[in-house]
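Biologist: Could you take me through one part of this model up close? Pick a spot where the side chains have something to say, and work outward from there.

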Amino acid sequence: MESVPEFTIALIGFGEAGSTFAKAAGWESAALAFDLLPARRKVMEEAGVVACATAEDALSDADIVLSLVTADSALPAAQDFADLLKAGAIWCDMNSVAPDTKRAAARAIEAAGGRYVDVAVLAPVNPARMNVPLLISGPDATEAEARLRAAGFAKTRVVGDEVGRASAIKMIRSVMVKGIEALTAEMMLAATRAGVVDEVLSSLDASEKHESWFVRAEYNIERMTTHGLRRAAEMEESAKTLESLGVEPVMTGGTVRRQREQAGKTIEFKPERTEVA
């Protein structure tokens with residue numbers, strides 16, 4: 001569904017995320033875009049947004065900025081372009097970077113008279129497009145959320161007034177999400193070489209429990225506290241199994257260390273269920 005806001009949007013970085021949002025929202029002339037790669041101008045034109053030759057052209061009249069660059073460019077973009085913002089403009093840093101990186105970017109934006117908001121994108125932009133979940137934090141998070149909703153983003157949630165809180169949720173969550181992917185690769189490489197793929201996957205299906213992560217996190221930590229040393233010894237044997245198959249136990253080696261370190265220790269946490277958009 002198209003949503004043309006009554007304010008000016010600037011997109012800094014026009015890769016997959018920027019082009020996907022622009023096409024899905026139908027911002028057209030309400031959005032100005034800039035990318036360091038000249039080849040992206042054609043994509044901007046196809047999306048209907050105003051293709052700008054310089055960052056200054058894109059930012060000088062913008063009310064809200066969506067920073068959608070690569071992770072290693074997130075801080076430099078804020079530092080390099082902060083002085084181009086008009087007073088009071090909101091810089092929405094939607095890049096996947098650490099909380100400290102976002103706090104450093106916030107200092108640059110705020111020193112130049114802009115307002116900085118930490119935005120965490122919690123899912124791939126395709127196929128979610130404007131339904132991608134966004135977590136928002138910072139002193140101006142409430143106003144930023146209102147503008148993002150007006151721009152067409154349907155699943156937004158303010159998680160606090162501290163810059164870095166939204167990104168902390170995203171980065172820590174990624175430990176599990178990306179970690180499972182890496183563990184899966186390590187497992188499948190070994191299972192394939194051992195010729196036991198069907199049996200391994202069937203065994204996992206049979207033991208899978210579809211429980212809330214509130215329950216699973218507490219259970220997993222308790223298992224490590226009680227049985228960490230024994231499990232570490234078992235995982236050392238798993239690591240030897242992978243090595244014998246020519247698979248480097250990168251993730252498994254980390255599991256051995258974490259199991260051993262958590263043995264006898266407790267993590268004091270009282271999870272509070274939060275409504276997720």
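Modeller: Quick bit of vocabulary before we zoom in: a residue is called buried when its relative accessible area is under 20%, and exposed when that area is over 50%, with partly exposed in between. Keep in mind that this is a predicted model.

Let's start with helix α1, residues 16-25. Of its 10 residues, 7 are buried, so α1 is largely enclosed by the rest of the structure. The buried ones are Gly-18, Ser-19, Thr-20, Phe-21, Ala-22, Ala-24 and Ala-25. And what sits over them? The cover includes β1 (9-12), α2 (40-47) and α6 (125-128). Right after the helix comes Gly-26, with a positive phi, near 70°.

From there we can step into the nonpolar interior. In soluble globular proteins, nonpolar side chains tend to be buried together. Here the largest nonpolar core has 34 residues, and Trp-27, Cys-92, Met-94 and Phe-153 have the most contacts inside it. Helix α1 supplies the largest share of this core, 4 residues. Take Cys-92 as a hub to click on: leaving out residues up to four places away in sequence, Cys-92 touches Ile-64, Val-65, Leu-66, Ser-67, Val-117, Val-119, Ala-144 and Leu-148. Apart from this core lies another one, of 22 residues, with Leu-59, Ala-78, Phe-81 and Ile-109 among them.

Now for strand β6, residues 115-121, which holds Asp-118. Asp-118 is a charged residue to check carefully: its relative accessible area is 0%, so it counts as buried. What does its side chain find in there? One partner is the backbone nitrogen of Gly-164, reached at 2.9 Å. Another is the backbone nitrogen of Ser-167, 3.0 Å from a polar atom of the Asp-118 side chain. Setting aside residues up to four places away in sequence, the residues Asp-118 touches include Asp-93, Lys-102, Leu-135 and Ser-137, along with Val-163, Arg-165 and Ala-166.

Arg-115, in that strand, pairs with Glu-143 in a salt bridge, with the closest N and O atoms 2.8 Å apart. Since Arg-115 belongs to β6 and Glu-143 to helix α7 (residues 141-150), the pair ties together parts that are 28 residues apart in sequence. Arg-115 is partly exposed, at 22% relative accessible area, and Glu-143 is partly exposed too, at 30%.

Helix α7 also has a salt bridge of its own, between Arg-149 and Glu-145, where the closest N and O atoms are 3.9 Å apart. These two are 4 residues apart in α7, so about one helical turn separates them. Arg-149 is partly exposed at 41%, whereas Glu-145, at 17%, counts as buried.

You'll find a similar spacing in helix α11 (residues 250-262), where Glu-261 and Arg-257 are 4 residues apart, about one helical turn. Their side chains meet in a salt bridge at 3.1 Å, N to O. Glu-261 is partly exposed at 32%, while Arg-257 counts as exposed at 57%. Back at Arg-115, shared partners join Arg-115, Asp-140, Glu-143 and Arg-147 into one network of salt bridges. The structure holds 14 salt bridges.

Last stop, the surface: Met-176, Ile-180 and Trp-213 make a nonpolar patch of about 270 Å². Trp-213 belongs to helix α10, residues 213-244, and is partly exposed at 39% relative accessible area.

Technical notes:
Residues numbered from 1 in each chain as written. Predicted model: local features only at pLDDT ≥ 70, side-chain atom pairs only at ≥ 80, totals over all residues. Heavy atoms only, no water. Core = buried A, V, L, I, M, F, W, Y, C linked by side-chain atoms within 4.5 Å. Buried < 20%, exposed > 50% of the residue type's maximum accessible area, 1.4 Å probe, protein only. Contact = heavy atoms within 4.5 Å. Patch = residues over 30% accessible without salt bridge, like charges linked within 9 Å, V, L, I, M, F, W, Y side chains within 5 Å. Areas by Shrake-Rupley, 256 points an atom, 1.4 Å probe, with all protein chains shown as cover. Salt bridge = Lys/Arg side-chain N within 4 Å of Asp/Glu carboxyl O. Polar contact = N/O pair within 3.5 Å; in protein donor to acceptor, adjacent residues only side chain to side chain.
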